[in-house]
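Reader: Got a minute to walk me through this one? I'd like the layout before the details.

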Amino acid sequence: MKKFILSLIIIGMFFSGCSRLYNSNEVSLYDTNRVLTYENGVVEDVKRVVIKDDGSGTFIGAYTGTVLGSMFGKGKGNILSTLIGGLTGAFVGYESDKANAEELFIKLDNGKHIVVIVKGINILRGDRVRIIKEGNRVIRVEKLM
């Protein structure tokens, strides 16, 4: 029973990772008490892209799979289940850490053209947007009504 509860806790921690939604009303603690700037513009084109795993999902998945796999079998069976758990966890972690995103080609109101890659929003060609940023770092992209 203890192994089962431990497995549920580890799986829960693995799948509770934070993904930042760029068009959300939630803000990061890091973004408080800072001076941010914004620019408005029109989306000229949208390209669907996939943000690949930076290695953290693979690592966490492999670690979690190895721990879970080590709980099963004895002797050589334990070694095999640990290996299979680690490999399966690495694959699942890599796949789950991918994210669908949009590459937005935006013409700003000042005439400048920029490209921004965001995830978690659904923006279409012709939409007016506000890009909130700090220097060159995009904090959030909001669709204007």
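Author: Sure, we can go from the overall layout to the helices and then the salt bridges. Keep in mind that this is a predicted model.

Reader: Okay, how many helices and strands does the protein chain have?

Author: The protein chain has three helices and five strands. Along the sequence they come in the pattern α-β-α-α-β-β-β-β.

Reader: What share of the residues is buried?

Author: Of the 145 residues in the protein chain, 31% are buried. The accessible surface is about 9,900 Å², and carbon and sulfur atoms account for 61% of that.

Reader: And the contacts, how far along the sequence do they reach?

Author: Take the contacts between residues at least 6 apart in sequence: 67% of them join residues at least 24 apart.

Reader: Let's do α2. How far does it reach from its first C-alpha to its last?

Author: Helix α2 covers residues 56–69, so to speak 14 residues, and spans 19 Å. That is close to the 20 Å expected at 1.5 Å a residue.

Reader: Which residues in α2 are buried?

Author: G57, G61, T64, G65, L68 and G69. Looking down the axis of α2, these buried residues fall within an arc of 125°, so they line one face of the helix.

Reader: What does the face turned away from the buried side carry?

Author: That face of α2 has the exposed residues F59 and Y63.

Reader: Back to L68 for a sec. How much relative accessible area does it have?

Author: L68 has 17%, and it counts as buried because the cut-off is under 20%. In space, L68 is 8.4 Å from G86, C-alpha to C-alpha, with their positions 18 residues apart in sequence.

Reader: Moving on to α3. T82 is in there, right where I was looking; what is it in contact with?

Author: T82 is in helix α3. Setting aside neighbours within four places in sequence, T82 is in contact with T66, G69 and S70. One of those, G69, is also among the buried residues of α2.

Reader: Is T82 buried or exposed?

Author: T82 is buried, with a relative accessible area of 19%.

Reader: What about nonpolar stuff on the surface, which residues form a patch?

Author: L80, L83, I84 and L87 form a nonpolar patch, with about 400 Å² of accessible area together. I84 sits in helix α3, which runs over residues 76–96. At 46% relative accessibility, I84 counts as partly exposed.

Reader: Switching to charges. How many salt bridges does a search of the whole structure find?

Author: The search finds 10. As background, side chains of opposite charge can pair when their charged atoms come close.

Reader: Start with R48. What does it pair with, and how far apart are the atoms?

Author: R48 forms a salt bridge with E102, and the closest N and O atoms are 2.4 Å apart. R48 is in strand β1 (residues 37–51) and E102 is in strand β2 (residues 99–108), so the pair ties together parts that are 54 residues apart in sequence.

Reader: Are those two buried or exposed?

Author: One of each. R48 counts as exposed at 52% relative accessibility, while E102 is buried at 5%.

Reader: Then K143, what is its partner?

Author: K143 forms a salt bridge with D127, with the closest N and O atoms 3.4 Å apart. This pair links distant parts of the chain, with K143 in strand β5 (residues 137–143) and D127 in the loop between β3 (113–119) and β4 (128–134), 16 residues apart. K143 counts as partly exposed at 33% relative accessibility, and D127 as buried at 16%.

Reader: And E142, which residue does it form a salt bridge with?

Author: With R130, where the closest N and O atoms are 3.1 Å apart. E142 is in strand β5 and R130 in strand β4, 12 residues apart, so to put it plainly the pair links distant parts of the chain. E142 counts as buried at 18% relative accessibility, whereas R130 is partly exposed at 26%.

Reader: Last one: which residues are linked in a network of salt bridges?

Author: R34, E134 and R137 are linked that way.

Methods. Residues are numbered from 1 along each chain as its sequence is written. This is a predicted model: local features need pLDDT of at least 70, side-chain atom pairs count only at pLDDT 80 or more; totals for chains, interfaces and linings use all residues. Side-chain values use heavy atoms; hydrogens and water are left out. Helices (H or I, at least four residues) and strands (E, at least two) are DSSP runs, numbered from the N terminus. The expected span of a helix is 1.5 Å times one less than its number of residues. Buried means under 20% relative accessible area, exposed over 50%, partly exposed in between (1.4 Å probe, protein chains only). The arc is that of the directions from the helix axis to the C-beta atoms. Contact means heavy atoms within 4.5 Å. Accessible areas come from the Shrake-Rupley method with a 1.4 Å probe; for residues, only the protein chains shown count as cover. Patches are made of residues with over 30% relative accessible area and no salt bridge: like charges are joined within 9 Å, nonpolar side chains (Val, Leu, Ile, Met, Phe, Trp, Tyr) within 5 Å. A salt bridge is a side-chain nitrogen of Lys or Arg within 4 Å of a carboxyl oxygen of Asp or Glu.
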